[in-house]
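Student: I should like to understand the reasoning behind the terms used for this structure. May we go through them one by one?

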Amino acid sequence: MRTDRRSRFFLRLPGLKPGEEATALLFFLTFFLITASFSIFKSIRDASYLDELGSRNLPLAYTTAFFVGLVAAFTAKLQARVKRQSLLVATLAFFALTGAAFFFLFPRAGKWLVLVYYVWANVLAVVLMTQFWIAVNDLYNPREAKRLIGFIVSGGILGGILGGLLTYLLAEQWSTHLLWLSSGLLCAAIPAVRQVYARQRRGQAAAPPGPSAAPQTEGQPVEMRKAGFKDGFQTVWGNSYLRLLAGIVFLSGLIATFIDWQSKHIIERAVTGNLTSFFGLFNSGLLVFSFLLQLLGTSRIVDRYGLRRILLFYPVVILACTLGILVWPVLAAAVALKGSEKSLSYSVNQSARELLYFPVPARQKYRAKVFIDIFLNRLSRTMGALLLLGVWALPWRQNLLKVSFLSLLCLTAWIGLNFRAASEYVRLVKEKLRGRWDRGDRLVEIQVDVDFAKTVFDLLESRRRSPVLYALHIYDLFRQNKLTPEVRALLLAEPEDRRPAAIGGLMESETTGPLAQVFSAPEEEALKRDVEEIMALDVYQEVMQGYLERTLEERKATEAVTRMEIAKMLGFLPDRSPLVLRLEELLADDSAEVVRYAISSAGRSGRREFVPELTRRLNDPRFAQDAAEALQRYGAKITGTLADLLADEQEPLELRKRTAVALGRVGNQEAVDFLLWQLARGPEDLDGEITDALDRVRSGPAQVGFDSVLVMNMLGQELKRYYRTFLAEAKAEPGALQPILFNVFKLLGLIYVREDIFKAYQNLLSGTREAMAYALELLDNSLSTGVRDALFPILEDDPLRERLRRFRSLLKDFPELRP
Amino acid sequence: MDIKKRDKNDIVIFDIEGEIRRSDISEVTLHQLVKDQLESGKKHILLNFEKVEFIDSFGVGEILASYISTHNLGGKLKIARISKKLYLIFQITMLTKVFEIFDEEEMALRSFGRE
């Protein structure tokens with residue numbers, strides 16, 4: 001009971017799901033302690049530096065960032081060789097001990113120690129933060145990360161607030177004794193880290209083997225153990241997306257350096273009291289703001305606005321504040337600039353940046369992070385410092401203005417890179433997903449020439465039944481230009497003893513071997529032309545009319561194969577030939593084979609007289625497929641008739657369903673418009689077939705448009721149907737809901753990129769945990785806000801109670817759906 | 001195209017030689033020759049294609065027109081010794097169902113005798 005109550009409490013925290021509470025809380029706690037400690041170290045760092053060396057010497061401190069990068073790269077090498085847990089614990093212990101050591105060094109050393117301490121504090125920040133986030137990255141997939149990063153970051157922000165407040169309150173009395181406090185906080189993080197890894201080991205032992213097991217963290221593969229700075233550089237250099245991320249980090253590092261100098265330059269002049277205390281309060285205050293932002297907004301903002309807009313939010317705010325400094329360079333403007341830079345970098349930007357890494361394969365990600373976050377980030381600070389010195393050297397005296405303009409320039413480039421990164425991110429997520437299957441009918445259409453295959457099978461079947469039928473099939477292949485070498489080989493493969501040596505044999509036995517010899521002559525075109533011309537002759541029509549009358553009037557005495565021959569031949573006659581109308585009798589023949597041939601020829605003729613019989617045959621399961629294919633041959637001119645049939649409620653439901661399929665086969669704009677209209681009109685019994693027919697059109701090459709308003713209306717109806725079905729049967733069988741969900745995705749495919757939508761659907765349906773996460777990520781980045789809000793409660797793996805609550809709420813207040 | 005006429009009993013045999021094509025129409029067509037025979041009371045016609053090198057749709061039209069004329073007068077028109085290619089065309093157009101086609105002239109003549 002206690003556990004349940006506790007779980008329910010934690011589940012109220014944003015994004016947490018059952019089973020995730022303990023690890024997430026341990027990460028929260030670890031980050032809390034690390035940042036609380038760092039906040040104290042940092043306040044001492046900034047205040048002591050300004051006190052001893054002043055803001056004019058800040059570029060010297062910034063240039064040490066490169067050294068920090070080198071130290072960090074060295075620890076990265078260790079990271080690649082030593083187990084994650086051991087390294088993180090040892091690092092925490094190292095900084096706790098050395099932090100305490102500074103307590104003894106400060107009173108004895110001169111000004112130079114301030115610079116050493118500055119470097120030390122920066123090394124602590126970069127090494128600990130990187131190790132911590134690599135641990136988080138290893139453990140969570142993109143969806144989990146998206147939900148949980150906000151929560152974990154909140155821990156860091158809370159820690160920073162506490163550290164800042166303690167510094168503010170105690171700085172006057174405790175002075176450097178604060179170093180003991182922050183070292184103690186680092187020591188306290190060690191058991192939390194050990195617990196995280198202990199839980200992970202237990203989880204891995206319990207998890208079934210397979211692709212859905214959690215990502216690897218502890219025992220790295222051999223190639224990862226070898227990773228270091230050089231590997232990291234090569235990895236980033238060889239991958240355009242990683243180069244893009246590197247560019248973003250580099251520019252953000254430059255800008256952060258400029259902002260740091262701009263703000264400290266103003267603070268140094270404006271603040272007259274204890275600087276350590278001021279920085280404590282300032283750090284604490286900006287983290288309170290960050291925390292509120294995080295608690296109230298970050299997860300929601302990231303969820304709601306997607307990565308693209310989030311990536312732009314941060315630089316745009318900084319841009320606005322930099323313009324503020326240009327106009328009004330006072331303490332408030334400096335606090336606003338530094339405050340927004342820091343608070344947003346801890347919250348929104350941190351979340352967005354971590355998300356950007358998720359489509360990168362684990363091995364590359366690890367190597368790239370080592371290079372970008374540890375080395376390049378530091379290098380950018382050093383470059384920032386050199387740029388500052390360079391700008392100051394310019395003749396214009398107003399250093400603050402010069403730096404502000406430089407910052408604006410970099411911000412513009414940064415925004416551009418963020419735009420590109422967002423697009424690349426979506427592309428990579430798409431690449432992560434493999435389309436598992438395509439529509440069966442389309443697949444058959446692409447891979448198999450159905451008409452050809454049927455003719456070849458009929459050809460072989462007719463071989464011993466009737467030489468005339470056989471010849472007609474071969475002519476059919478001629479007409480389609482499909483008498484391929486393979487078919488020729490098949491025809492010539494007839495055993496020698498069956499091949500008549502002369503024309504007499506051919507006529508007597510009526511076998512067909514010599515035909516193949518004729519085909520081998522390069523006279524196909526001439527033959528085709530001759531036959532067409534003969535069939536167009538009036539005398540031919542007259543002769544055949546007599547033959548048909550005799551044969552069809554004595555139908556009972558005629559063999560079915562003869563009627564099949566006639567049915568086949570009539571399909572080759574010119575459309576205007578009155579003889580073609582004899583197909584009407586054959587369409588009603590007793591023999592299914594004759595009817596099948598007649599349906600095919602009726603389709604070829606494209607004559608209106610056959611439409612009633614063809615549509616009637618749609619309702620006969622034996623001929624439905626043939627009839628649909630024949631009607632498809634009519635093309636656009638059959639659309640109206642089929643539309644009337646589909647709309648006629650007096651017609652049997654099965655016939656109307658097959659009519660929807662036939663309309664989908666026709667697949668022109670008129671057919672699509674009518675199918676959508678009918679879908680909107682109801683009844684629901686036809687929804688599945690109509691939606692499928694529309695999807696068939698969408699999956700094909702035809703360039704047709706889909707009325708987005710109608711589609712969105714229908715999508716809304718299907719989604720509501722899903723909620724209602726789920727609520728009506730709270731233990732909803734997946735079988736009952738699956739067709740509705742499939743319809744939802746087919747409708748989405750009409751408006752959005754079908755390939756993406758179906759990739760996502762298929763991976764959600766049968767993919768691994770990782771594939772499902774990427775599928776959701778793809779949808780998240782593809783769909784509009786309203787559609788996401790309505791669809792994601794169905795797709796996300798929420799507890800039953802939460803799902804029921806969300807569905808009820810959505811039925812009451814359904815979002816407006818826009819493409 | 002060169003057409004020679006022979007009589008055997010009451011059967012008129014036309015030995016056709018060369019090519020029967022639209023571009024090679026002589027003053028007297030095959031159909032005209034058959035009609036002449038029909039008008040003179042001969043109702044059993046045999047077309048011998050042994051020496052026919054080529055026949056186009058016009059040629060087939062001539063044969064068909066001859067068939068109709070013969071048939072309308074209650075006569076019989078049969079064909080002997082056609083090429084494989086023409087036989088294939090006849091099969092595709094289902095004219096094998098209409099015409100009686102023989103491998104040898106003798107067999108064709110005998111078939112007239114049996115009727």
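Tutor: Certainly. This is a predicted model. Let us begin with H2(A): 27 of its 32 residues are buried, so this helix is largely enclosed by the rest of the structure.

Student: What makes a residue of H2(A) buried?

Tutor: A residue is buried if 20 or more other C-beta atoms lie within 10 Å of its own. In H2(A), 27 of the 32 residues are buried. Across chain A, buried residues make up 47% of the 819 residues.

Student: How do you know that the span of H2(A) agrees with its number of residues?

Tutor: At 1.5 Å a residue, its 32 residues should span 46 Å; the end C-alpha atoms lie 46 Å apart, and therefore the two agree. After the helix comes Gly54(A), with a positive phi near 80°.

Student: Which helix gives the largest share of the largest nonpolar core?

Tutor: That core has 259 residues, and Leu663(A) is one of those that touch the most other members. Its largest share, 17 residues, comes from helix H2 (residues 21-52) of chain A.

Student: Why is Leu663(A) said to touch Leu675(A)?

Tutor: Two residues are in contact if their C-beta atoms lie within 7 Å. Leu675(A) is among the residues that Leu663(A) touches, as are Leu642(A) and Phe674(A), with residues up to four places away in sequence not counted.

Student: How many residues of chain B are in contact with chain A?

Tutor: There are 23, in contact with 28 residues of chain A. By class, this side of chain B has twelve nonpolar, five polar and six charged residues.

How values were computed
Residues numbered from 1 in each chain as written. Chains lettered and ligands numbered in written order. Predicted model: local features only at pLDDT ≥ 70, side-chain atom pairs only at ≥ 80, totals over all residues. Core = buried A, V, L, I, M, F, W, Y, C linked by C-beta atoms within 7 Å. Buried ≥ 20, exposed ≤ 12 C-beta atoms within 10 Å, placed from the backbone. Helix = DSSP H or I, 4+ residues; strand = E, 2+ residues; numbered from the N terminus. Nonpolar A, V, L, I, M, F, W, Y, C, P; charged D, E, K, R; others polar. Expected span 1.5 Å × (residues − 1).
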